Amino acid sequence: MDEICRIFPGKRPAIIGYDAVPANIRLLESDKIDCLISQQPFAQGYNAVQQLYLHQVLSNCEPIEKHAPVTILFKENPGSYKSTIRERYY
């Protein structure tokens with residue numbers, strides 16, 4: 001953060017992080033970063049394993065395209081998402 005202040009004296013650029021892990025949530029809450037982009041890694045992994053199962057076990061040869069949702073978190077809205085993070089990381 002000190003380096004950013006040195007490069008941009010008097011103003012701070014918007015800082016966007018990714019992955020809503022506990023350390024990044026703390027940075028968001030303490031105003032060190034402005035928002036987080038959560039890429040839903042659990043959903044991405046689950047969908048990949050599900051597709052593998054459909055293909056290998058059920059012989060379903062037609063892949064299904066699934067888009068994982070992206071959640072953008074700001075300091076004002078991480079509330080419900082924090083409980084999910086707490087269950088997975090603590």
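The exercises below, each with a worked solution, concern a predicted model of a protein chain.

**Exercise 1. The overall plan**

Work out how many helices and strands the protein chain has, and in which pattern they follow one another.

*Solution.* Begin by counting the elements, which gives four helices and three strands in the protein chain. Then read along the sequence, and the pattern that appears is α-β-α-β-α-β-α. As a last step, turn to burial, where 21% of the 90 residues of the chain count as buried.

**Exercise 2. The core and one of its members**

Find which residues form the largest nonpolar core, and then list what Leu 36 is in contact with once its neighbours within four places in sequence are left aside.

*Solution.* The largest nonpolar core is made of seven residues, namely Ile 15, Ala 20, Ile 25, Leu 28, Ile 33, Leu 36 and Leu 73. Taking Leu 36 from this set, and leaving aside the neighbours within four places in sequence, we find contacts with Gly 17, Tyr 18, Asp 19, Ala 20, Asn 24, Ile 25, Leu 28, Thr 71, Ile 72 and Leu 73.

**Exercise 3. The two faces of a helix**

Determine which residues of α3 are buried, and which exposed residues lie on the face turned away from them.

*Solution.* First consider the length: α3 has 16 residues and reaches 23 Å from its first C-alpha to its last, which is close to the expected 22 Å. Next, pick out the buried residues of α3, which are Asn 47, Gln 51 and Leu 54. They cover an arc of only 65° around the axis, and therefore they lie on the same side of α3. Finally, the face turned away from this buried side carries the exposed residues Pro 41, Phe 42, Val 49, Leu 52 and Gln 56.

**Exercise 4. An exposed residue in a loop**

Decide whether Val 70 counts as buried or exposed, and say where it is found.

*Solution.* Val 70 is found in the loop between α3 and β3. Because its relative accessibility is 54%, and exposed means over 50%, Val 70 counts as exposed. Leaving aside neighbours within four places in sequence, Val 70 is in contact with Ile 37 and Ser 38. The C-alpha atoms of Val 70 and Ile 37 are separated by 6.8 Å, although these residues are 33 residues apart along the chain.

**Exercise 5. A salt bridge**

Identify which side chains meet in a salt bridge, and explain which parts of the chain the pair ties together.

*Solution.* The side chains are those of Lys 75 and Asp 31, with 3.2 Å from N to O. Lys 75 lies in the loop between β3 and α4, and Asp 31 in the loop between α2 and β2, so the pair ties together parts that are 44 residues apart in sequence. Lys 75 is partly exposed, with a relative accessible area of 38%, and Asp 31, at 44%, also counts as partly exposed.

Key:
Residues numbered from 1 in each chain as written. Predicted model: local features only at pLDDT ≥ 70, side-chain atom pairs only at ≥ 80, totals over all residues. Heavy atoms only, no water. Core = buried A, V, L, I, M, F, W, Y, C linked by side-chain atoms within 4.5 Å. Buried < 20%, exposed > 50% of the residue type's maximum accessible area, 1.4 Å probe, protein only. Contact = heavy atoms within 4.5 Å. Helix = DSSP H or I, 4+ residues; strand = E, 2+ residues; numbered from the N terminus. Expected span 1.5 Å × (residues − 1). Arc of directions from axis to C-beta. Salt bridge = Lys/Arg side-chain N within 4 Å of Asp/Glu carboxyl O.
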